[in-house]
Amino acid sequence: MPPVVAQQAVDWWLQLMGADASAAQRAAWQAWCAADPLHAQAWERIQQVNQQLSGWVAPQQAGLARATLAPTRARRAARRRVVQALALLVFGGGAAWQLEQSAPWQRLRADARTPRGVRRRMVLQDGTQLVLNGGSALNVDYSPQQRRLRLLEGEMLITTAADARAFVVETAAGEAQALGTRFVVRAGDDGSTRVGVFDGAVRLRPRQSPGDAQVLQAGQQAVFGVQRVSVLTPVHEDSAAWTDGILIARGMPLAEMLQALQPYSTATLVCAPEVAGLRMSGSYPLDDMGRVLATLHSLPELQVRRLTRWWGREEVLLEPAAHATR
C-alpha cells in the first residue's frame, strides 16, 4: 500500500470518528473512496483492523484525536505524528521506509534540500552534477565501495562522473543504479519512482522484488514501485526542461501535470476525477504559478477554484467548467 494512501485513509478515519462528523465530510470521504481502487482497498484494511484501532484510540478519545487535527501550527505537527503512527500500525512495514525517511525532521536534516519554487545546482565530491527541483530533499552517502544518494522527496537530474565505484539512487520504491549516465529521478507522493534516461543506462530494482530488475536505455523511462517496474515508454529530452524553469507538456494528463507543478506552488494542487485524464500541451513558466493557473482557467474545459480546508490548508481545485457539465 503506498504510504500516502495509507496516511490519507487513517486521516479520514480520524475525521469520521464519533457521531458528529458532518454530512459534507462523509460525502467527501465517499468521493475519496470512489476515486481510486487503492483508496477503497485502504479503507477496507481500516475496516478489517477497526477493533484493534478502537482499542488503541477508544471512541471516547475521539474528541482528543480530532482536537489534534485543529488548524494550529503545533497541532498540525501533532496530527502528522498521529497519522503516521496509525498508518504504520494499520498497514505495517510496507509504508515504513517512506514514513521514516520523509518525516519532517529527516527533511530538515537532509544533506541537501530545496524549498518549493527553488531549484539548486550542485557538484558532488566526485564531480557528479545534480539539479534539484523545488521541494526536494536528498542525503549523500559516499564510501570507498559505492556512491549512494537517498532521494527523500522531490526530483533531481543527475549527470554522473566517471568513477570505479557503483552509483545508486535509493527511494521508497527501491534502487536505480547508474551505468554511466545522465538521468532524472522523481519520487512520487504515492511511493512510486519515475526514472527517465537521457544518456547511458540505469538498472531499476524494486525494493521488495530485486530479482525483477530491469535496465532502461537512453531514451526510455519507467515508473516502478516496491514490487515491479512498469512498461518502458519513450522519454523526451524536454522532460528535464524544469531545470531551466519551464514545464513542457506533450499530451500530458492533467493529474500528472499538476504533480510536476506542485514543487512550485505553496497551495496543494488537485483535480476532479472527471478532468484528471485531460491531455495538456504547451510550455508553462514554473516561476510564475499565477500565470500558469490563469492559463488553465482560461481553457473552456476547466475552471480553477481556491479553497481553504477546515484544517487551514490552501488548495487549488481544477474541475470541469460549469458549462461543460450541462
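Let me start with a term we'll need for the hairpins: two strands count as paired when at least two bridges are found between them. Keep in mind, too, that what we're looking at is a predicted model.

Now, hairpins. Strand 8 and strand 9 form one, with 5 residues between them. In that turn sits G191, which has a positive phi of about 95°. The two strands run antiparallel and are joined by 6 bridges. If you'd like a spot to click on, try R182, which stands opposite D199 in strand 9.

Strand 8, covering residues 182–187, also has a partner in strand 5, which spans residues 146–159. Again the two run antiparallel, with 6 bridges joining them. Here you can look for G154, standing opposite A187 in strand 8.

So is strand 8 enclosed or not enclosed by the rest of the structure? Largely enclosed, because 5 of its 6 residues are buried.

Let's follow strand 5 the other way, to strand 4. Strand 4 covers residues 137–142, and a hairpin joins it to strand 5 through 3 residues. These two pair in the antiparallel sense over 6 bridges. A137 is a handy residue here: its bridge partner in strand 5 is E153, and A137 is also the partner, in strand 4, of R113. That second link belongs to the pairing of strand 1, residues 112–113, with strand 4, which is antiparallel over 2 bridges.

Next, a pocket. A general thought before we go in: rolling a probe the size of a water molecule over the atoms shows where empty space is left. The second largest pocket here holds about 490 Å³ of space. Its lining is made up of 25 residues, and Q221, S239, I248, M252 and E256 lie nearest the centre. Which strand gives the most to this lining? That would be strand 14, with 7 residues. Our hairpin strands come back here as well: strand 8, strand 9, strand 14 and helix 9 each supply at least two lining residues. Sorted by class, the lining has 12 nonpolar, 6 polar and 7 charged residues.

Just before strand 14 there is a residue I'd like you to find. T243 sits in the loop between strand 13, residues 233–234, and strand 14, residues 246–253. Is T243 buried or exposed? Buried: its relative accessible area is 11%, and the cut-off for buried is under 20%. Leaving aside residues up to four places away in sequence, T243 touches R119, R121, V131 and L157.

Last stop: an open sheet of 3 strands, in the order 15-18-17, with mixed pairing. Strand 15 (268–271) and strand 17 (302–308) are at the edges, each with a single partner strand, so one side of each has no neighbour in the sheet. On average, neighbouring strands of this sheet are turned by 25° against each other, direction ignored. Strand 17 pairs with strand 18, residues 314–320, in the antiparallel sense over 7 bridges. One pair to look up is Q303, opposite E319 in strand 18.

Two helices lie across strands of this sheet. Helix 9, which we met at the pocket, lies across strand 15, strand 17 and strand 18, and runs at about 180° to strand 15. Helix 10, residues 289–298, lies across strand 17 and strand 18, at about 130° to strand 17.

That's my tour, thanks for listening!

Terms used: Residues numbered from 1 in each chain as written. Predicted model: local features only at pLDDT ≥ 70, side-chain atom pairs only at ≥ 80, totals over all residues. Heavy atoms only, no water. Helix = DSSP H or I, 4+ residues; strand = E, 2+ residues; numbered from the N terminus. Buried < 20%, exposed > 50% of the residue type's maximum accessible area, 1.4 Å probe, protein only. Contact = heavy atoms within 4.5 Å. 1 Å grid on protein atoms, 1.4 Å probe; cavity = no way out; pocket = protein on both sides within 12 Å on 5 of 7 lines; lining within 4 Å. Points joined across faces, edges and corners; volume = space filled by probe spheres on them. Nonpolar A, V, L, I, M, F, W, Y, C, P; charged D, E, K, R; others polar. Axes fitted to C-alpha atoms, helices over the stretch in contact; angles between N-to-C directions.
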